[in-house]
Amino acid sequence: MKKQKIKSAIESMMFVWGQPLSVKDMADIFNEDKKEIYGLCRELQEEYEQEGRGIVIREVNRSFQFVTRKENLDYIERLCTPVRKKKLSQSALETLAIVAYRQPVTKGEIESIRGIRCDRVIEGLAKKGLVTDVGRADTVGRPVLYGTTDEFLKQFGFTSLKELPDIGSFAEADGEDRERELLEGQLSMADI
């Protein structure tokens, strides 16, 4: 087998394997001498080092593995550090409660319940994947109808909309307040 072809295969195997790959295992796969395979691994290691790549080949007890260059640790940590998810605002929770319980619902219906425009709130909820356009109403102007998504169910721990708490169980509040209170209590703990 050609030297370059073996080196190429070694790279692929190290990439897929993830753990240190022993020279013995590689030699068995290629049906080649262990010294030959070890020499090719060392050549690859030198090539990566000379080129200053972000990936280097580390030797561990006659096994070889891809690892990241230690000088890039700061960048890798920034990439892998979890981003804090923002909680939903009060207006987003109110709007989401209305959509969840009244769906499909138009923006106009949401605004009449809340008493305030909700363009930006709906846009934000849509960007988070919590609400979506589910069609058009059969009324003048054919406004967009909104509904919740599977992401909504997933984020709030429901398997279906049937699991939403019964709105009738919240006594002494009118319909809109009950919707808001219900989802505030249910949803304010969720970090989205």
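**Close-up views of a predicted model**

**View 1. The largest nonpolar core of this predicted model has 22 residues.** Seven of its members touch the most other members: Leu88, Leu96, Ile110, Leu125, Leu130, Phe152 and Phe156. Four elements each supply at least two residues of this core. They are helix H5 (90-102), helix H7 (119-127), strand S6 (144-148) and helix H8 (150-155). H5 gives the largest share, 6 residues.

**View 2. Leu125 and its contacts beyond its sequence neighbours.** Neighbours within four places in sequence are left aside here. Leu125 is then in contact with Leu88, Ala92 and Thr95. Leu96, Leu130 and Val131 also contact Leu125. Leu88, Leu96 and Leu130 are, like Leu125, among the core residues that touch the most other members.

**View 3. Another core, of 16 residues, lies apart from the largest one.** Its members include Ile10, Val23, Ala27 and Tyr48.

**View 4. Helix H6 (residues 107-114) packs with H7.** The packing angle is about 120°, and the axes lie 10 Å apart. H6 is therefore oblique to H7. H6 passes H7 in a right-handed crossing.

**View 5. Residues at the contact of H6 with H7.** From H6 come Lys107, Ile110, Glu111 and Arg114. From H7 come Asp119, Val121 and Ile122. By class, 3 residues of this contact are nonpolar and 4 are charged. None is polar. Ile110 also appears in View 1, among the residues of the largest nonpolar core that touch the most other members.

Notes: Residues are numbered from 1 along each chain as its sequence is written. This is a predicted model: local features need pLDDT of at least 70, side-chain atom pairs count only at pLDDT 80 or more; totals for chains, interfaces and linings use all residues. Side-chain values use heavy atoms; hydrogens and water are left out. A nonpolar core is a set of buried Ala, Val, Leu, Ile, Met, Phe, Trp, Tyr and Cys residues joined through side-chain atoms within 4.5 Å. Buried means under 20% relative accessible area, exposed over 50%, partly exposed in between (1.4 Å probe, protein chains only). Contact means heavy atoms within 4.5 Å. Axes are lines fitted to C-alpha atoms, for helices over the stretch in contact, and angles run from 0 to 180 degrees between N-to-C directions. Angles under 35 degrees count as roughly parallel, over 145 as roughly antiparallel, 65 to 115 as roughly perpendicular and the rest as oblique. A crossing is left-handed if the near helix is turned anticlockwise from the far one by less than a right angle, and right-handed if clockwise. Ala, Val, Leu, Ile, Met, Phe, Trp, Tyr, Cys and Pro count as nonpolar, Asp, Glu, Lys and Arg as charged, and the others, Gly among them, as polar.
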